[in-house]
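Hello,

Here is the structure I promised to pass on to you. Have a look at it first, and my notes follow below.

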Amino acid sequence: MQTAQLSIDPAFVVAPVNRRVFGSFVEHMGRCVYGGIYEPEHPSADADGFRGDVLELVRELGVTAVRYPGGNFVSGYRWEDGVGPVEDRPTRLDPAWRTIETNAFGLNEFMRWARKAEIEPIMAMNLGTRGLQEAIDLLEYANHPGGTALSDARIAHGEKEPHGIRMWCLGNEMDGPWQLGHKTAEEYGRLAAETARAMRQFDPELELVACGSSGRQMPTFGAWEATVLEHAYDVVDHISAHAYYELEGDDVASFLASSTDMDRFIREVVATADHVGARLSSTKRIAISFDEWNVWYLKAMQANGMPDDWTVAPRLSEEAYTALDAVVVGSLLITLLRHADRVTAACQAQLVNTISSIRAEPDGPAWRQSIFHPFALTARHARGTVLDLRVDAPALATAKHGEVPVLDAVATHDAEEGLVTVFVVNRDPASAVALATELRAFGDLELVEATLLGGDDLMATNTREAPDRVVPVAHPSGSLDGTVLRAELPPASWSMFRLRAAR
Ligand code: AHR
């Protein structure tokens with residue numbers, strides 16, 4: 001059997017775990033909003049029309065922040081359509097997803113839902129078909145206490161208190177030719193900087209996100225970030241990154257190593273941002289908002305084409321995630337955490353029904369997809385600070401990413417509570433790995449939990465009929481041998497080990 005060691009020391013801190021890394025994304029796409037978080041006719045719906053069963057699962061998932069309302073949708077969206085008396089709201093075409101938007105759900109419904117879900121809102125604004133004026137109007141409507149036409153309109157719409165939305169995305173994927181109002185880096189950089197400057201005149205405390213690349217594979221990647229930041233460096237806090245991964249053919253090894261690509265993406269965006277910072281002689285450091293990431297079977301969606309009839313909330317990208325997908329999601333989370341010093345926000349795309357952790361059927365049940373589990377466990381147990389651990393592991397050859405270490409791992413340390421948690425993925429699709437981790441530097445510890453996800457049937461999925469087919473199980477081999485944590489990591493598996501200072 002292959003062997004591997006992790007070296008962990010509480011002195012080697014990357015950064016505190018930023019809770020915003022456990023964000024998600026609600027877009028007006030498919031049935032994420034209508035039939036997802038909002039279904040007034042559902043037996044579990046509350047007086048606001050929010051599905052109670054979905055809300056419960058959102059809380060269990062441990063989501064901390066939610067980006068809204070898109071996505072590609074936002075680049076053609078008029079926010080005013082979604083506020084005020086519902087019967088007066090216009091029905092519109094949404095060209096991004098070729099659907100009918102009723103506008104029954106808009107900003108104030110989202111904010112009400114966000115309060116119930118106990119999440120921080122991350123609001124995206126339309127810089128595709130719209131610009132600076134609409135952006136500052138939206139900001140005034142949402143955040144100004146009152147006494148102006150727009151803030152008084154919000155109050156008249158039933159929202160007396162300002163929403164106090166702190167984090168704003170300046171558009172969505174403006175580098176993508178598919179985006180409504182797609183722009184060059186020069187055009188977008190200027191618009192983002194102007195909009196950011198104007199928003200800061202209203203409130204200098206806002207946190208603003210400039211659009212980075214919609215993928216590392218984009219032909220403009222790198223140059224886009226550099227140009228946009230040359231314009232906007234001083235007035236934005238974050239640059240966004242988006243990445244989706246999928247199993248291609250039977251290349252399981254490359255799929256399991258997807259986080260290698262995410263890791264490179266993060267390092268390259270950091271290098272580009274720091275290069276611009278150096279040229280500007282700035283001491284400020286730009287953070288990354290990885291505000292769309294997940295496993296997404298996008299090629300299948302592209303092959304099927306977009307809906308050819310215009311309907312309300314059609315089923316779009318309702319992935320049935322496998323145990324293998326869940327292992328990959330676990331490893332993407334490990335990568336995001338490992339970069340805690342620069343990745344300060346991240347949103348798994350999306351929350352319900354569309355590319356989602358949670359599935360919900362009209363008038364029927366809601367259930368946890370396989371990918372729900374690594375997210376929920378990581379969000380719950382990654383506490384305190386992220387530690388810079390060293391992986392000493394054999395290499396795995398992959399067709400797409402070259403040779404990668406067979407293990408992907410991160411550890412967190414909550415010094416106050418005396419908790420150490422190790423998350424580790426064995427990316428080898430065929431061979432187990434015997435892991436040994438020396439924990440002497442933490443003093444006496446006890447192993448309180450060892451959990452495994454992955455295992456025998458990697459293609460198993462959770463369905464309406466069998467919602468708990470893929471669930472985490474007690475690790476068959478995790479043990480603490482003196483100060484050494486030992487475990488046999490099965491092929492293509494995600495493991496979590498929780499240790500606590502011995503009492
Ligand atoms: O999350 C689905 C879509 O993926 C988003 O609308 C878009 O921003 C990205 O391309």
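I'll begin with a single residue: Ser281 has a relative accessibility of 67%, so it counts as exposed, the cut-off being over 50%. Please keep in mind throughout that this is a predicted model. Ser281 sits in the loop between α8 and β11 (287-295), and its phi is positive, about 50°, although the residue is not a glycine.

Asn353 makes a good companion to it. Asn353 also is not a glycine and has a positive phi, of about 65°. Is Asn353 buried or exposed? With 0% relative accessibility, Asn353 counts as buried. You will find Asn353 in the loop between β13 and β14. That loop, between β13 (343-349) and β14 (358-360), holds Gln350 as well, and the peptide bond joining Ala349 and Gln350 is cis, with omega about 0°.

There is another cis bond to look at, from Gly70 to Gly71, with omega near 15°. Gly71 belongs to the loop between β4 (65-68) and β5 (92-94). As background for these spots, most peptide bonds are trans, and most residues other than glycine have a negative phi.

Now for the whole protein. The secondary structure consists of 11 helices and 27 strands. For 503 residues, a compact globule would have a radius of gyration near 23 Å, and the protein agrees with this at 23 Å. The C-alpha trace spans about 70 × 60 × 50 Å along its principal axes. Of the 503 residues, 60% are buried. If you take the contacts between residues at least 6 apart in sequence, 77% of them join residues at least 24 apart.

On the surface, the accessible area is about 18600 Å², and carbon and sulfur atoms account for 51% of that. As for charge, there are 45 positive and 72 negative side chains, and the centres of these two sets lie 2 Å apart.

The protein is divided into two parts: domain 1 (2-9 + 386-501) and domain 2 (18-381). Their contact takes 40 residues from domain 1 and 39 residues from domain 2. The C-alpha centres of domain 1 and domain 2 are 30 Å apart.

A few places inside are worth a visit too. Ser258 lies in helix α8 (residues 258-279) and is buried, because its relative accessible area of 3% is under 20%. Which residues does Ser258 touch, leaving aside its neighbours within four places in sequence? They are Tyr245, Val328, Leu332 and His401.

Helix α8 comes up again with helix α6 (residues 223-232), which is mostly covered, with seven of its 10 residues buried. Trp224 and Glu225 are among those buried residues. The buried residues of α6 pack against α8, and also against α5 (185-202), β9 (207-210) and β10 (238-245).

Lastly, His28 is in the loop between β3 (23-25) and α1 (52-61). His28 is buried, with a relative accessible area of 5%. Beyond its neighbours within four places in sequence, His28 has contacts that include Tyr68, Pro69, Asp94, Trp97 and Glu101. The C-alpha atom of His28 is 8.2 Å from that of Ala313, although these residues are 285 apart along the chain.

Happy to talk any of this over.

Best wishes

Terms used. Residues are numbered from 1 along each chain as its sequence is written. This is a predicted model: local features need pLDDT of at least 70, side-chain atom pairs count only at pLDDT 80 or more; totals for chains, interfaces and linings use all residues. Side-chain values use heavy atoms; hydrogens and water are left out. Helices (H or I, at least four residues) and strands (E, at least two) are DSSP runs, numbered from the N terminus. The radius of gyration is taken over C-alpha atoms; the globule rule is 2.2 Å times the number of residues to the power 0.38. Buried means under 20% relative accessible area, exposed over 50%, partly exposed in between (1.4 Å probe, protein chains only). Contact means heavy atoms within 4.5 Å. Accessible areas come from the Shrake-Rupley method with a 1.4 Å probe; for residues, only the protein chains shown count as cover. Lys and Arg count as positive and Asp and Glu as negative; His and the chain ends are not counted. The place of a charge is taken as NZ of Lys, CZ of Arg, CG of Asp or CD of Glu. Domain bounds come from an automatic or database domain assignment.
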